[in-house]
Amino acid sequence: PVGKRGSLALLRQKFILKTVNAVITDSSVSKADIIQHLGIADQKITVVPLAGNPALEPAEPAVIRAVKKRYDLAKNYILYVGDINYNKNIPQLIKALKLLPSSTQLVLVGKNFYPHDIPEWRWIEAQIALSDVSAQVKMLTDVAADDTATLSALYSGSLCYVQPSLYEGFGLPILEAMQCNTVTVASNRASLPEVSGGTAQLCEPTAEAFANIITEISNWSTSKREQVLREQRKWLKHFSWQQTAEQTAKVYRQLVTS
């Protein structure tokens with residue numbers, strides 16, 4: 001439940017949005033949600049996609065080795081970067097480890113992957129205990145968002161990046177993983193199919209589905225992996241901050257001249 005404060009904030013947002021001439025959002029899914037939940041007319045809303053951090057790029061093998069050594073990472077690890085909110089669906093990703101070889105490691109990168117008294121952390125802690133996979137989970141809380149060299153190496157060195165979310169309005173880490181030439185896995189929910197353009201490996205947001213796809217990826221031939229990565233690189237050309245800026249400016253110009 002959102003509570004009284006959340007409900008009041010939503011009412012205030014609805015009231016303010018009734019007075020605007022245009023709304024910019026980052027995905028068609030978000031646009032549909034704005035229409036449905038906030039009552040904004042379709043013609044007022046423009047979708048302007050975001051883009052990943054341009055400083056994230058494939059890391060050199062020596063840098064990957066150094067980062068793996070620094071954090072004591074396994075040869076085959078699955079990566080997740082982000083928060084621990086309920087919609088991120090982290091417990092199901094943890095549960096997937098139970099269905100994978102014990103040598104498989106899950107690396108969780110984000111400032112909130114530490115013990116604290118909130119429901120989301122308790123769910124994560126409980127799932128690790130229930131699945132008995134504590135030895136396979138590595139949590140990195142000290143990787144700063146602007147430490148692009150380390151982030152690039154973490155993405156580049158992984159078997160795959162997984163976005164297990166039940167809901168995302170956009171899903172930037174998908175693009176960032178692609179920029180680092182990393183195979184991406186995502187749930188087939190909300191904006192993730194849209195943002196990945198069908199080049200991510202999509203599945204139901206369940207432990208069993210994640211485990212099945214990760215197993216498939218681990219058995220891919222070199223040519224199959226390169227084919228998928230090539231498709232991802234091609235799709236990435238749809239996103240850049242230059243395009244985001246130009247499309248945003250276009251909305252403002254239309255407002256000024258209308």
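Let's start in the middle of things: V109 sits across from L140 of strand β5. The two strands behind that pairing are β4, residues 105–109, and β5, residues 137–140, and they run parallel, joined over four bridges. Strands are said to pair when DSSP finds at least two bridges between them. Another of the matches here is V107, whose bridge partner in β5 is K138. To get from β4 to β5 the chain passes through helix α5, residues 119–131, and this β-α-β crossover is right-handed. Right-handed here refers to a view with the strands pointing away from you, where the path from the first strand over the helix to the second runs clockwise.

A word on what you're looking at: this is a predicted model, in which local features need pLDDT of at least 70 and side-chain atom pairs count only at pLDDT 80 or more, while totals for chains, interfaces and linings use all residues. Residues are numbered from 1 along each chain as its sequence is written, and side-chain values use heavy atoms, with hydrogens and water left out.

Now look at the other side of the pairing story. β3 and β4 are parallel too, held together by five bridges, and I78 has L106 in β4 as its bridge partner. β3, helix α4 (residues 90–96) and β4 form a right-handed β-α-β unit.

β4 itself is well hidden, with five of its five residues buried. Buried means under 20% relative accessible area, exposed means over 50%, and partly exposed is anything in between, using a 1.4 Å probe and protein chains only. Q105, V107 and V109 point to one side of β4, L106 and L108 to the other, and all are buried. Side chains in a regular strand alternate between the two faces of the sheet.

Step back to the whole chain. Its secondary structure adds up to 11 helices and eight strands; these are DSSP runs numbered from the N terminus, with helices being H or I of at least four residues and strands being E of at least two. The radius of gyration is 20 Å, close to the 18 Å that the globule rule gives for 258 residues, so the chain is as compact as a globular protein of that length. That radius is taken over C-alpha atoms, and the rule is 2.2 Å times the number of residues to the power 0.38. Along its principal axes, the C-alpha trace spans about 60 × 40 × 30 Å. Buried residues make up 44% of the 258.

What about the inside? The largest nonpolar core has 53 residues, and L79, V109, L154 and C160 touch the most other members. Helix α9, residues 207–218, supplies the largest share of this core, seven residues. Such a core is a set of buried Ala, Val, Leu, Ile, Met, Phe, Trp, Tyr and Cys residues joined through side-chain atoms within 4.5 Å. Leaving out residues up to four places away in sequence, C160 touches Y77, I78, L79, T182, V183, V185, I214 and I217; contact means heavy atoms within 4.5 Å. Apart from the largest core lies another, of 12 residues, including L175, M178, V195 and L236.

Helix α6, residues 148–156, is another hidden piece: eight of its nine residues are buried, so it is largely enclosed by the rest of the structure. Among the elements covering those buried residues are α3, β3 (77–81), β4, β5, β6 (160–163) and α7 (172–179).

Two single residues round out the tour. A51 lies in the loop between β2 (45–47) and α3 (61–71), and A51 is buried, with a relative accessible area of 3%. Beyond its neighbours within four places in sequence, A51 is in contact with L172, L175, F239, S240, W241 and T244. P91, in contrast, lies in helix α4 and counts as partly exposed at 23% relative accessibility. Setting aside neighbours within four places, P91 is in contact with W123, I124 and Q127. The C-alpha atoms of P91 and A126 are separated by 8.5 Å, though the two residues are 35 apart along the chain.
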